[in-house]
Amino acid sequence: MKKENLVDDCIIRELPKIHNRAGNITPLTSNIHVPFAIERVYYLYDVPGGSVRGGHAHKELKELLVAASGSFDVLIDDGFNKKIVNLNRPYYGLYVTSGVWRELLNFSSGAICLVLASSKYSEADYIRDYDEFKLYIHEG
Ligand code: TYD
């Protein structure tokens with residue numbers, strides 16, 4: 001049996017913000033601001049209005065999602081509990097632990113979703129079918 005409260009482990013983390021009249025900086029360091037060693041960074045951009053991204057879970061991968069620009073919603077679902085988190089500031093990150101189904105939606109125009117990930121891209125780590133995800137959660 002998998003853990004049932006993974007959604008509760010997916011918390012918003014306040015990130016450092018170095019404020020300056022000429023603009024701000026948010027520096028992120030592995031195992032300090034991000035609760036894992038960062039192995040990969042990618043970002044979603046030019047997302048057409050109405051698009052839904054994600055629609056999968058990861059077996060092992062952990063991620064921190066940041067609205068580097070604009071805003072979007074993240075639906076997270078551990079098979080028992082669901083919540084929707086709105087990300088709209090570059091100094092907050094949503095930690096999404098492994099075993100959690102996620103969908104990204106309601107992207108504002110020009111939004112950039114920065115993703116810090118705990119491992120390299122591996123298609124084998126994805127669960128892309130929701131029924132398969134439910135089986136994975138219940139049967140481990
Ligand atoms: P996917 O993770 O399914 O996108 P999203 O969840 O945002 O809708 O990735 C879309 C495609 O991009 C898929 O064919 C795999 C590829 N991809 C990589 O090759 N490397 C990566 O690091 C990522 C995140 C995706």
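Strand β7, spanning residues 92–96, is largely enclosed by the rest of the structure, because 4 of its 5 residues are buried. The model examined here is a predicted one, and β7 makes a handy starting point for a tour of it. Two pairings involve this strand. Strand β1 (residues 12–14) runs antiparallel to β7 and is joined to it by 3 bridges; in this pairing, R13 stands opposite G93. Strand β4 (residues 63–69) also pairs with β7 in the antiparallel sense, here over 4 bridges. Within that pairing, L65 has L94 of β7 as its bridge partner.

Attention now turns to the ligand. Its surroundings consist of R40, Y42, L44, R53, G54, H56, Y121, Y126 and R128. Sorted by class, this shell comprises 4 nonpolar, 2 polar and 3 charged residues. Two strands, β2 (40–44) and β3 (53–58), each contribute at least two residues to the shell.

Several polar contacts to ligand oxygen atoms can be picked out by residue. For R40, a polar side-chain atom sits 2.5 Å from an oxygen atom of the ligand. The side chain of Y126 likewise places an N or O atom 2.6 Å from a ligand oxygen. With G54 the backbone is involved: one of its N or O atoms lies 3.1 Å from an oxygen atom of the ligand. As for overall cover, the ligand taken alone exposes 530 Å², and the protein buries 61% of that area.

Terms used:
Residues numbered from 1 in each chain as written. Predicted model: local features only at pLDDT ≥ 70, side-chain atom pairs only at ≥ 80, totals over all residues. Heavy atoms only, no water. Near = heavy atom within 4 Å. Polar contact = N/O pair within 3.5 Å; in protein donor to acceptor, adjacent residues only side chain to side chain. Areas by Shrake-Rupley, 256 points an atom, 1.4 Å probe, with all protein chains shown as cover. Nonpolar A, V, L, I, M, F, W, Y, C, P; charged D, E, K, R; others polar. Buried < 20%, exposed > 50% of the residue type's maximum accessible area, 1.4 Å probe, protein only. Pairing = 2+ DSSP bridges.
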